[in-house]
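This report goes through selected charged side chains, one chain as a whole and one strand residue. The sequence and structure come first.

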Amino acid sequence: MTEPILGIDLGTTNSLAAFVSDTGAEVLENGEFSTLVPSVVTMINGGERLVGEAALAARIEHPQNTFYSFKRFMGRGIADVDEDLSKLPFEVQAGERDNLLLVANGQSYSPEQMSSFVLAQIKQQAEAVLGQPVRKAVITVPAHFDDPQRQATRDAAQIAGLEAVRIINEPTAAAIAYGLEEKTKGKVLVYDFGGGTFDVSILELKEKLFKVIATHGDTQLGGDDMDYLVVDALVSKLGISGDLSPQTKQGLKKVAEQIKMGLTASLEVAVQADLPEAGVNQEVHFTRMDFDQAILPLVEKTLEHVHLALKEADLCVADIEDVVLVGGSTRVPLVREKVEALFGKPPHLNINPDQVVALGAAIQGHLLSGGRRDFLLMDVVPLSLGLETLGGTFSKLIIKNASIPARAKEVFSTSVDNQTGIDLNIYQGEREFVKDCRLLGKFKLSGIPGMPAGLPQVEVSFFVDQNGLLNVTAKELRSEVAAQIELVPSHGLKRSEVSQMIRDSYEQAEQDFNQRNLVEFRAKALAIEAGLVKVWSEAPKYLTPEEITAVSEHRVVLGLAAKAEDPMALKAAIDQMGDLTREFADSIMGAAAKGVLGKEGDS
Amino acid sequence: MKLDHPSAQQCHSCAAHLKHRLYCDSCEKIQQLGKGDDYFTIFGHPRQFLLDPEVIEAAFENLVMALHPDFYANAEPVQQSLSLEHTALLHEAKGALFNPYLRGRYLLSLLVPELGASLVKPPQAFLIQTFEWQETLDHAHAKGSNLKGVADQIQAQKTDIELSLQDQFQQLETYADQPELVVEIGVNLGKLKFILNLQQRINDIKKSR
C-alpha cells in the first residue's frame with residue numbers, strides 16, 4: 001500500500017484532517033479520536049503543553065499563556081500586522097529579523113512552532129484513527145499567503161514530523177471537493193471567509209481540468225475581526241474602563257464568540273459575562289441587529305475583494321455559475337445575505353463549509369499518491385514576483401494570476417565598470433515601487449569577471465514550483481558564472497532554526513512517548529496486581545514458601561514502581577513479576593483447564 | 001518513412017511513434033526537449049504569425065493533463081523534473097503565443113536566429129499619434145469620461161498592424177534572407193508594443209473605476 005497522504009486544513013481557529021479511503025474522502029474522526037483540533041496552544045509553566053480543546057478549556061485559567069490565531073503571524077514581521085497587538089491577552093514580540101515571536105513564561109516561540117504543535121496533535125489523532133503512521137500531508141493555506149507565509153507553513157509541518165508534499169490554497173481545495181461532487185461546469189466563485197483570513201478565487205471548471213483564473217484576498221480579515229468588534233461593543237456596553245487584564249481579554253473573546261455563534265440561529269442572545277478581574281458578572285443581551293451593524297464594514301470589505309477578483313478575471317457577476325461558501329464566518333447570516341444580494345442568487349449550500357477544505361486537500365493528496373487521474377487543478381501565483389531595479393522600482397517577472405508552475409527570466413547588466421557582484425533584491429506585490437511591496441529576500445551574484453559597465457549579461461530566472469514557492473537563480477552569460485546564490489530569508493525561520501526545532505520536537509516526542517508508556521505500564525501493573533489478588537489464596541497449593549515470599553516482596557516493588565515516573569524501571573518490574581509468577585500462572589491456568597475437562601468428562 | 005508533421009518522432013524510451021513531442025502515449029514517458037521543439041510545435045501548431053487559439057487551447061489541455069507534476073509525484077526524479085519543466089514551458093509558451101507582440105518577436109527569433117533582441121523604434125508620426133492617445137486617456141481618466149472612442153481607434157490600429165505582420169511573416173517564412181523585410185517587421189513589432197501598452201492602460205483605467 002502506498003503511504004497515506006492526509007489533507008490538513010490548518011486554520012486560524014480550527015484545524016482538521018481528512019483522508020481518502022476506499023469509501024471516499026472523509027474527515028478523520030471516530031468516537032474516541034478526532035483530528036478536529038482548535039488551533040489553540042497553552043504553554044503551562046513547567047513545560048506542560050496543552051493543544052486544541054484542552055488549551056481552549058484552559059484559556060481563562062492561563063490567559064497569558066494560551067495562544068490562538070497565531071496563523072496570522074506566520075511568516076510576518078511586526079510591520080505586516082495591522083491589528084493592535086495590545087488587544088491580545090498574550091505577548092507578541094518582534095523577533096531579531098523581520099519575524100514575530102510569542103512569549104510564554106519568558107520563553108519565546110515562533111508561530112511556526114505553535115502551528116507545529118497543532119499539526120503534531122492532528123498527526124497523532126489521525127494515526128490513532130487510521131491505525132498506521134502518517135508522515136505526509138497536503139496542507140492548505142489562504143490563497144493570498146505570500147512566499148514567506150507558505151514557507152512558514154512547510155516549516156511548521158516539518159517540525160511536527162510531517163512532510164508537506166503539497167501546499168495548496170484553501171479556496172482551491174474547496175473547489176476540488178465541490179467540482180468533483182457537483183460536476184458543475186463553467187465559472188465558479190469560491191468565497192472563503194475563515195477565522196483569520198478572507199480569500200476569493202474564481203475558477204473555470206471543465207470536465208477534468210479545474211483552472212484558477214483569479215484570486216484576491218486579505219490575510220488579515222476574518223472571524224477574529226468580528227470578535228474584536230463585538231469585544232469593543234461589549235467593553236462599552238459593560239462599562240469596563242482602563243487597561244484590560246489578559247484574563248479579561250480571553251474572557252471577552254470567549255463571550256464574543258458565544259454571541260457570534262448564538263446569533264447564527266437566533267435574533268437575540270443572552271450570554272453570561274463572568275469577568276472577575278474587570279468586576280463584571282452579568283448577563284449581556286446582544287441582538288442580531290447590533291451584531292450586523294458592528295460587522296457590516298468587514299462584510300463590505302470582502303465584497304470589494306470579490307469585485308476586484310471579478311475585474312481581474314474580466315468577468316461580471318452574471319458570468320458566475322455558482323458561488324461556493326467556505327469557512328466558518330460564512331455561517332454568519334449577514335454574510336450570506338450580502339453574497340446572495342450581490343449575485344442575485346442563493347450561494348451553494350450543499351457542502352459543509354467547515355470540512356470542505358480538508359476534504360479537497362485529502363483528494364489532492366489521493367491524486368498525488370497516484371490514486372487517481374480524474375482531475376487536475378491548475379492554480380496561480382497570488383501576487384506578482386520580481387526584482388528591485390534602478391530607483392527602487394519594482395520590475396515584475398512573474399505576474400499575478402499566472403498559472404503554476406511558472407517561470408520567467410530577464411537579463412540585467414551592471415552600471416559600474418569592473419563590478420564583480422550584483423545585489424538582487426526579490427520582492428512580491430502589485431505596486432510600482434519596492435517600498436510598497438514585500439521583500440522576500442536578497443541575494444548577491446558574485447564572482448563576475450571585471451568588465452566595462454553594461455557588458456555583463458546577468459540572466460535572472462524565477463521559477464515558481466507546484467507549491468507556489470519561488471526559486472531564484474542567476475547566471476552571468478558571458479562568463480558562464482552561475483555564482484553562489486544565497487537567499488537570506490527576511491522573515492520566518494532560518495534552515496538551521498528549523499533543524500533545531502525538529503531536534504527539540506524529537507526530544508519532546510520522546511517525552512510524550514515516555515509519558516504514553518508510563519500510562520500503559522501503570523495500567524498493566526494494576527492489572528497484574530488485581531489478578532494476583534484474585535488467585536493469591538491458591539498460592540500455597542502451587543508455590544513453595546520461598547517463592548511466596550519472593551512474589552510478595554516483588555508485589556511491593558511493583559506497586560512503588562507504578563507510582564514512580566520511570567517507565568523503563570516500571571517495565572523491568574513488570575517483566576520480573578512475569579518471570580516470578582509464570583509457573584504459578586501456568587499451573588492455575590492448567591488447573592482451570594482441567595476443571596473444565598473434568599466437568600465435561602462427568603457429563 | 002513519411003514525415004507528415006514536424007512532431008512525427010520516436011519515443012526516447014520505447015521507440016513508439018510520438019503523437020505529441022513532449023509525451024509518449026504508449027509508455028507514458030515524458031520526452032526530453034529536442035531540436036525542432038519550440039512554442040509552436042509543442043502544441044502541434046504551424047510556425048506562423050496567424051494563430052489558431054483553439055488548436056493551442058485543445059493541445060494545451062491534452063498536454064497539461066499528461067505532463068502536470070501532480071501526476072508524477074511518485075515518478076523517478078528525471079521524469080519529475082521533466083514534468084515540472086515542461087509544464088512551466090507550456091504555460092510560458094501559451095502566454096507568449098497569446099500575446100501578439102511576444103509571438104511576433106519569438107517567431108522572428110526562430111526565423112532569423114542571428115538577429116539580436118534589438119527593437120526598431122517606430123516612426124515619428126506613429127509616436128506622435130500614440131502620445132495623443134496617451135493624453136486622451138489621461139484626460140478621460142481624470143474626468144472619468146467615456147473611453148470607447150479612443151479604445152476603438154487603438155483597436156483598429158492594432159488590427160492593421162497584425163494583418164500587416166501576417167503578410168510580412170508569410171513572406172519571411174518562404175525566404176528568410178530579406179534584411180529589409182526584417183526591419184519592417186521590427187518596426188511593426190515596435191508599434192504593436194506601444195499599442196498593447198495603451199490597451200493595458202485602458203484596462204487599468206476601467207478596473208480602477
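## A salt bridge in chain B

In this predicted model, Asp152(B) has a relative accessibility of 41% and therefore counts as partly exposed. Its side chain meets that of Lys148(B) in a salt bridge, with an N to O distance of 2.8 Å. Both residues belong to helix α5 of chain B, which covers residues 148-174. Because Asp152(B) and Lys148(B) are four residues apart in this helix, about one helical turn separates them.

## A network in chain A

Salt bridges also link up where they share partners. One such network joins Arg59(A), Arg72(A), Asp224(A), Asp225(A), Asp227(A), Lys253(A), Glu257(A) and Lys260(A). Over all chains, the salt bridges number 39.

## Two further pairs in chain A

Lys571(A) and Asp575(A) form a salt bridge at 3.3 Å, N to O. Here too the partners sit on one helix: both are in α13 of chain A, four residues apart, or about one turn of the helix. Lys571(A) is partly exposed, with 32% relative accessible area, and Asp575(A) is partly exposed at 38%.

In another pair, Arg372(A) and Asp374(A) are joined by a salt bridge whose closest N and O atoms are 2.9 Å apart. How accessible are the two partners, Arg372(A) and Asp374(A)? Arg372(A) has a relative accessibility of 22%, and buried means under 20%, so this residue counts as partly exposed. Asp374(A), with a relative accessible area of 32%, is partly exposed as well.

## A negative patch on chain A

Which residues gather in a patch of negative charge on the surface? The patch consists of Glu546(A), Glu547(A), Glu583(A) and Asp586(A). Two helices of chain A, α12 (545-563) and α13 (567-602), each contribute at least two of its residues. Helix α13 also holds the pair Lys571(A) and Asp575(A) described above.

Glu547(A) is located in helix α12 of chain A. Its relative accessibility is 33%. Membership of a patch requires over 30% relative accessible area and no salt bridge. Glu547(A) is classed as partly exposed, because 33% falls between the limits for buried, under 20%, and exposed, over 50%.

## Chain B as a whole

Chain B contains six helices and zero strands, and its pattern along the sequence is α-α-α-α-α-α. The C-alpha trace of chain B spans about 65 × 45 × 25 Å along its principal axes. Of its 209 residues, 43% count as buried. Among contacts in chain B with a separation of 6 or more, 61% come from residues 24 or more positions apart.

The exposed area of chain B is about 11100 Å², of which carbon and sulfur atoms supply 52%. Chain B carries 19 positive and 26 negative side chains. The centres of these two sets are 5 Å apart.

## A buried proline in chain A

Pro38(A) is part of strand β4 of chain A, which covers residues 37-38. Is Pro38(A) buried or exposed? Its relative accessibility is 3%, so Pro38(A) counts as buried.

Beyond its neighbours within four places in sequence, Pro38(A) is in contact with Thr13(A), Asn14(A), Gly52(A), Glu53(A) and Leu56(A). Arg154(A) lies 116 residues from Pro38(A) in sequence, and their C-alpha atoms are 19 Å apart in space.

Technical notes: Residues numbered from 1 in each chain as written. Chains lettered and ligands numbered in written order. Predicted model: local features only at pLDDT ≥ 70, side-chain atom pairs only at ≥ 80, totals over all residues. Heavy atoms only, no water. Patch = residues over 30% accessible without salt bridge, like charges linked within 9 Å, V, L, I, M, F, W, Y side chains within 5 Å. Areas by Shrake-Rupley, 256 points an atom, 1.4 Å probe, with all protein chains shown as cover. Salt bridge = Lys/Arg side-chain N within 4 Å of Asp/Glu carboxyl O. Lys, Arg positive; Asp, Glu negative; His and termini not counted. Charge placed at Lys NZ, Arg CZ, Asp CG, Glu CD. Buried < 20%, exposed > 50% of the residue type's maximum accessible area, 1.4 Å probe, protein only. Contact = heavy atoms within 4.5 Å.
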